[in-house]
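Me: I have a structure open and want to learn how to read it. Can you take me through it feature by feature?

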Amino acid sequence: MHKKILLISRHAPYGNSIAKDAFDAALATAIYDQDLSMLFMDDGIFQLLRDQQAQEISQKSFTSMLSALPFYDIDKLYIHQESLEQRGLTIENLIVDNATIVNSAQISNLLNHQDHILSF
Amino acid sequence: MHIIVNNQQLAVDKDGYLESLQQWNTDVATEIAQNENIQLSAAHWEIIYLLQDFYKEFEISPAMRALVKYTEKKLGPEKGKSIYLLQLFPPSPAKIASKIAGLPRPANCL
């Protein structure tokens with residue numbers, strides 16, 4: 001049975017494993033063929049930055065890993081507008097070009113339409 | 001754990017996946033494939049190198065769905081099918097082919 005699931009990722013990519021856990025949960029959800037959307041907000045925005053050089057700290061790069069999402073049919077990506085603005089970033093700084101920018105009011109609407117919400 | 005190829009001892013994890021891709025070469029691939037009862041043909045090598053390209057680009061080993069989609073994109077719809085990959089790398093293409101290609105075990109792979 002298809003459930004509508006929203007995965008919220010709101011932590012910076014490195015320094016702890018929260019962002020990686022969110023990514024792994026997204027891939028697992030996709031494999032079970034669920035209707036998955038991903039929302040990046042707060043410091044989670046930094047996961048989407050271009051040209052991360054994670055090899056310098058012996059980590060895998062979120063620039064690379066998140067680019068694989070289309071191959072898992074994860075294509076409903078949302079980015080919180082205020083989080084983006086607070087960090088002085090624009091969509092051009094990010095690796096996703098097909099993501100939907102949403103404001104706080106639109107996020108409430110997004111949350112209201114889910115069966116489950118996973119927050120990381 | 002380790003395997004021995006050309007008198008060289010190579011570290012592998014508990015499921016037989018190479019610890020370091022740097023130690024991979026075609027002899028290693030042939031040896032791992034033999035342990036899986038697979039004789040590597042040109043069609044196998046095509047997928048093995050494809051997987052290594054995927055890993056280079058995305059830094060993860062693809063699960064089955066992603067492998068099928070990537071194969072379809074790179075090699076066309078004839079080869080981008082579960083059944084084609086299943087014939088080459090039974091019984092679990094993503095897991096077996098990643099092992100032969102010297103990559104980590106795909107996460108979340110059923």
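**Reading the interface, the sheet and the exceptions**

Reply: We start with the contact between the chains. About 1500 Å² is buried between chain A and chain B, and carbon and sulfur atoms give 58% of that area. In chain A, the residues that lose the most area to chain B are A:Ile31, A:Phe71 and A:Tyr72, together 44% of what that side buries. Keep in mind that this is a predicted model.

Me: Why start with an area?

Reply: The size of an interface is often given as the accessible area lost when the parts come together. Residue counts add to that picture. Here chain A brings 19 residues to the contact and chain B brings 16 residues.

Me: How many salt bridges are there between chain A and chain B?

Reply: The count is 3. In one salt bridge, the side chain of B:Arg65 meets that of A:Asp33, at 2.8 Å from N to O. For polar contacts, the rule finds 10 residue pairs across the interface of chain A and chain B.

Me: Which helices of chain A supply at least two residues each to the side that touches chain B?

Reply: Helix 1 (18-31) and helix 2 (62-67) of chain A do. Helix 1 of chain A gives the most, with 6 residues. Sorted by class, the side of chain A that touches chain B has 11 nonpolar, 4 polar and 4 charged residues.

Me: Next, the sheet. What should I look for?

Reply: Begin with pairing. Strands of a sheet pair through backbone hydrogen bonds, either parallel or antiparallel. Then read the strand order. Chain A has an open sheet of 5 strands in the order 4-3-2-1-5, with parallel pairing. Strand 4 (100-102) and strand 5 (116-119) of chain A are at the edges with a single partner strand each, so one side of each has no neighbour in the sheet. From one strand to the next, the twist averages 25°.

Me: Over how many bridges do strand 2 and strand 3 of chain A pair?

Reply: Strand 2 (residues 35-40) and strand 3 (residues 77-80) of chain A pair in the parallel sense over 3 bridges. For A:Phe40, the bridge partner in strand 3 of chain A is A:Ile79.

Me: Which strands does helix 1 of chain A touch?

Reply: Helix 1 of chain A packs on the sheet and touches strand 1 (4-9) and strand 2 of chain A. Its direction makes about 165° with that of strand 1 of chain A. Helix 4 (residues 104-112) of chain A also packs on the sheet, touching strand 1, strand 2, strand 3, strand 4 and strand 5 of chain A. The direction of helix 4 of chain A makes about 110° with that of strand 4 of chain A.

Me: And chain B, how do strand 1 and strand 2 pair there, parallel or antiparallel?

Reply: Strand 1 (residues 2-5) and strand 2 (residues 8-11) of chain B are antiparallel, paired over 4 bridges. B:Val5 has B:Gln8 as its bridge partner in strand 2 of chain B. The two strands of chain B form a hairpin with 2 residues between them.

Me: Last, which backbone exceptions are worth checking?

Reply: Most residues other than glycine have a negative phi, and most peptide bonds are trans. B:Asn6, in the hairpin turn, has a positive phi of about 50°. A:Asp42 is not a glycine, yet its phi is positive, about 50°. The peptide bond from B:Pro90 to B:Pro91 is cis. B:Pro91 sits in the loop between helix 4 (82-88) and helix 5 (93-100) of chain B.

Me: What does A:Arg10 form with A:Asp42?

Reply: A salt bridge, with the closest N and O atoms 2.7 Å apart. A:Arg10 lies in the loop between strand 1 and helix 1 of chain A, and A:Asp42 in the loop between strand 2 and helix 2 of chain A, so the pair ties together parts 32 residues apart in sequence.

Methods:
Residues numbered from 1 in each chain as written. Chains lettered and ligands numbered in written order. Predicted model: local features only at pLDDT ≥ 70, side-chain atom pairs only at ≥ 80, totals over all residues. Heavy atoms only, no water. Contact = heavy atoms within 4.5 Å. Buried area = accessible area lost by both parts, 1.4 Å probe. Salt bridge = Lys/Arg side-chain N within 4 Å of Asp/Glu carboxyl O. Polar contact = N/O pair within 3.5 Å; in protein donor to acceptor, adjacent residues only side chain to side chain. Nonpolar A, V, L, I, M, F, W, Y, C, P; charged D, E, K, R; others polar. Pairing = 2+ DSSP bridges. Axes fitted to C-alpha atoms, helices over the stretch in contact; angles between N-to-C directions.
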